[in-house]
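Grab a pencil and let's work through a couple of exercises together. Try each task yourself before you read the solution.

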Amino acid sequence: MAWHQEIAGFSLLEVIISMAVLTIGLISMLGVFGIAMAATQDSQQDMIAKQLANEALESVVTARNTSQTQWSDIQNFADGGIFINNYQSVNEAGADGIMGTADDSTAPPQTLIEPGPDGIFGTTDDVSVPLTNYKRKIEILPVTDVNGNVVASLRSINVSVQYNTPRIGRTKTYVMTSFVAQFR
């Protein structure tokens, strides 16, 4: 009578196959991690563009609310107003304190202040990042009623912010549209 002793465990082939499956899974996870990191960078640029557009929109409303401008000034330069028609660098507000006007061209570029190496915002090691990758355009258009008549007390505002995304190598544009009325 022959006695056979069975050995419990995995064969070499089973171990090699399981290692191959595990390796493929881990490589896939690394690819997803890279995509997530790139998307985080893009979302930061998108957030900055949104904030720059909102800032320009608030500048138009501020111009309407100040006593230094008239309603007729709340137009593009080509239409007799104070706002530049084309894309321009994102600079600090000029002497008039209103963004998007001709005197902004002599002002320094806007900057983003980030916490420095200590991770605390508002300390001496904070980093100032110039927003030279962004361009902004404020377009102010007349609004018409259903019959095609211009509504003199209402204007449409389109603020476009263009920026380059190094990761995908193309220009993105963020557009914010709103209305401003003559009345405060």
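**Exercise 1.** Which residues line the largest pocket?

*Solution.* Before we start, this is a predicted model, where local features need pLDDT of at least 70, side-chain atom pairs count only at pLDDT 80 or more, and totals for chains, interfaces and linings use all residues. Residues are numbered from 1 along each chain as its sequence is written, and side-chain values use heavy atoms, leaving out hydrogens and water.

Step 1: list the lining. You should get Gln41, Gln44, Gln45, Ile48, Leu112, Glu114, Val129, Pro130, Leu131, Asn133 and Tyr134.

Step 2: sort by element. At least two lining residues come from each of α1, β2 (111-114) and β3 (127-130), and α1 gives the most, with 4 residues.

Step 3: add the volume, which is about 150 Å³ for this pocket.

**Exercise 2.** Work out whether methionine 176 is buried or exposed, and what it touches.

*Solution.* Step 1: find methionine 176 in strand β6 (residues 170-181).

Step 2: check its relative accessible area, which is 16%. Methionine 176 is therefore buried (buried means under 20% relative accessible area, exposed over 50%, partly exposed in between, with a 1.4 Å probe and protein chains only).

Step 3: look for contacts (heavy atoms within 4.5 Å). Leaving aside residues up to four places away in sequence, methionine 176 touches Lys50, Ala53, Asn54, Leu57, Ile157, Asn158 and Val159.

Step 4: pick leucine 57. Its C-alpha atom is separated by 8.2 Å from that of methionine 176, though the two residues are 119 residues apart along the chain.

Conventions:
On a 1 Å grid over the protein atoms alone, a cavity is a set of points where a 1.4 Å probe fits but cannot get out, and a pocket is an open set with protein on both sides within 12 Å along at least five of seven lines; lining residues have an atom within 4 Å of a point. Grid points are joined across faces, edges and corners, and a volume is the space filled by probe spheres set on the points.
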